[in-house]
Structure formats: structure tokens, C-alpha cells
Amino acid sequence: MITAIREVRRARGMTLDDVAKACVPPTTAQTIGRLETGMRTVSVGWLNRIAAALGVEAADLVKLPDHAELPVAAVLGAEGAHAPGRPIVLPPPRAAAGMVGISVTGGIGDYRSGDTIWCEPLAPEAFGGALNRDVLVPRPGGRFLFGRLIGREGDRLQLLPLGAGQRQQVVSDPPWIARAVTLIRAL
């Protein structure tokens, strides 16, 4: 099996030791190095441990013929654009299991027509983790609200719609909400 452990690790800016310590349970940098280079066989268990340590899906660590990677030509920061110090590749975005999407057909707020927004569904006990983030909220009759979650009081959520001049909306006891986590935009 050909893996992309080294490429993903480097793209994340992590050393062998960083990954080894982030594994559960921790391992050694030497073991991670051997798994990267193919000197040691990478089992599914190791792929899952290393993926969790790197904050990616295990599938992102396996090189498949149709799994395109994007080489990084430049790094952009406050000081401007410059060539990376070492080769870096970016894995394509992948939706996590259970995510829902929003297709933007007309510009509103920070979003433009043609954008795609990937959202992570949250159960009521996790709503607090979406404060000051854009969220999708289901409403009766197959309708939805999409706006900035600006407050929560008990089972009542306060949302600020994205359009200019619109008034705050209050939603009581939604069964779930979905926090916007990834924006896909063609330029």
C-alpha cells in the first residue's frame, strides 16, 4: 500500500515526533518514519491512529490513482507570497460522514452565487459550540433559516440573518442545527 503519510504530515507542519506523540497511544518517531517509508507495513489500525493524530481521514493517507493532490506553488502570508521551503501538496476537500450542504444561488452576506457551504450537524447539547458562527436551522414545513447564531437562552436560539437590514429571528427548540465549516468557492 502506498501512503501519503509523509506528504500530509509535512503539509500540516508536523515532525515525526509530533505525530508520534499525538497518536493514541503514543508511539515513537522511528515507528512513524518506518510506516511513512514503507519499511513497516501499514495496517488499517495504524492508518486510523496516524490519521487521527494528523486530523484527517484515514482515506486521505492512502494514495489512489484517482485521488488527486494539488501541489502548493506559493505560501501566502502577511509578508506576501513566497515559495514553500519544501514541497507541499494539498489533499482535495472531503466531506465527513453526516455532513449536509447548502448550494448558494444568489449572493447574500459573505456568500456569492455558486458557493457551496458544507455544514456539520449538531445535536441540541452542542449548540453552544456554534455561537458566532453561521448555522442552518430546520423549520416546520421543509423550510430553513440560515444566519449567524448570536445567542442562546434555554431552548431559544437567536439568529442574525445574513441580508442587510433584516431583523433578528428567534427559533425555539430545533431538533438540530448545522454549523458552516467549509466554503467551496470558484473564483
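**Entry 1: a loop residue**

Strands here are DSSP runs of E at least two residues long, numbered from the N terminus. With that settled, I opened the model, which is a predicted one, and went to Ala96. I found Ala96 in the loop between strand E4 (89-90) and strand E5 (100-103). Is Ala96 buried, partly exposed or exposed? Its relative accessibility is 35%, so I noted Ala96 as partly exposed. I then looked across to Val56, 40 residues away along the chain from Ala96. The C-alpha atoms of Ala96 and Val56 are separated by 9.9 Å.

**Entry 2: helix H4**

Next I turned to H4, which spans residues 44-54. Which residues of H4 are buried? My list reads Trp46, Leu47, Ile50, Ala51, Ala53 and Leu54. They sit on the same side of H4, because the arc they cover around the axis is only 160°. A reminder to myself: an α-helix has 3.6 residues a turn, so residues three or four places apart point the same way. On the other side of H4, I noted Val44 and Ala52 as exposed.

What do the buried residues of H4 pack against? I found three partners: helix H1 (5-11), helix H2 (16-22) and helix H3 (29-37). I also checked what follows H4, and it is Gly55. The phi of Gly55 is positive, near 75°.

**Entry 3: two threonines**

I picked Thr31, which is found in helix H3. At 14% relative accessibility, Thr31 counts as buried, since the cut-off is under 20%. Leaving aside neighbours within four places in sequence, I found Thr31 in contact with Arg40 and Trp46. Trp46 was already in my notes as one of the buried residues of H4.

Thr3 came next, in the segment before H1. Thr3 is buried too, with a relative accessible area of 11%. Which residues does Thr3 contact, once neighbours within four places in sequence are left aside? They are Leu35, Glu36, Val42, Leu61 and Lys63.

**Entry 4: salt bridges**

How many salt bridges does the structure hold? The count is six, and I looked at three pairs in detail.

Glu36, just met as a contact of Thr3, forms a salt bridge with Arg9 at 2.4 Å, N to O. Glu36 belongs to helix H3 and Arg9 to helix H1, so this pair ties together parts 27 residues apart in sequence. I checked the burial of both, and Glu36 and Arg9 are each buried. There is a network here as well: salt bridges link Arg6, Arg9 and Glu36.

The second pair I looked up is Arg179 and Glu120, whose side chains meet in a salt bridge at 2.4 Å, N to O. This one links distant parts of the chain, with Arg179 in strand E11 (residues 177-184) and Glu120 in strand E6 (residues 116-122), 59 residues apart. Arg179 counts as buried at 14% relative accessibility, whereas Glu120 is partly exposed, with a relative accessible area of 32%.

My third pair is Asp134 with Arg148, in a salt bridge of 2.8 Å, N to O. Asp134 lies in strand E7 (residues 134-139) and Arg148 in strand E8 (residues 143-153), so the pair ties together parts 14 residues apart in sequence. Here Asp134 is buried, with a relative accessible area of 7%, and Arg148 is partly exposed at 31% relative accessibility.

**Entry 5: pockets**

I finished with the pockets. What is the volume of the largest pocket? I have it as about 290 Å³. Its lining has 15 residues, and the closest to its centre are Arg12, Gly55, Val56, Asp60 and Pro91. I was pleased to meet Gly55 again, the residue that follows H4. Val56 is back too, my partner for Ala96 in the C-alpha separation. The lining of the largest pocket divides into ten nonpolar, one polar and four charged residues.

The second largest pocket has a volume of about 160 Å³. Among the residues lining it I noted Ile102, Ser103, Val104, Thr105, Tyr111, Phe146, Pro161 and Gln166. How does the lining of the second largest pocket divide by class? I wrote down eight nonpolar and four polar residues, with no charged ones.

Note on methods
Residues numbered from 1 in each chain as written. Predicted model: local features only at pLDDT ≥ 70, side-chain atom pairs only at ≥ 80, totals over all residues. Heavy atoms only, no water. Buried < 20%, exposed > 50% of the residue type's maximum accessible area, 1.4 Å probe, protein only. Helix = DSSP H or I, 4+ residues; strand = E, 2+ residues; numbered from the N terminus. Arc of directions from axis to C-beta. Contact = heavy atoms within 4.5 Å. Salt bridge = Lys/Arg side-chain N within 4 Å of Asp/Glu carboxyl O. 1 Å grid on protein atoms, 1.4 Å probe; cavity = no way out; pocket = protein on both sides within 12 Å on 5 of 7 lines; lining within 4 Å. Points joined across faces, edges and corners; volume = space filled by probe spheres on them. Nonpolar A, V, L, I, M, F, W, Y, C, P; charged D, E, K, R; others polar.
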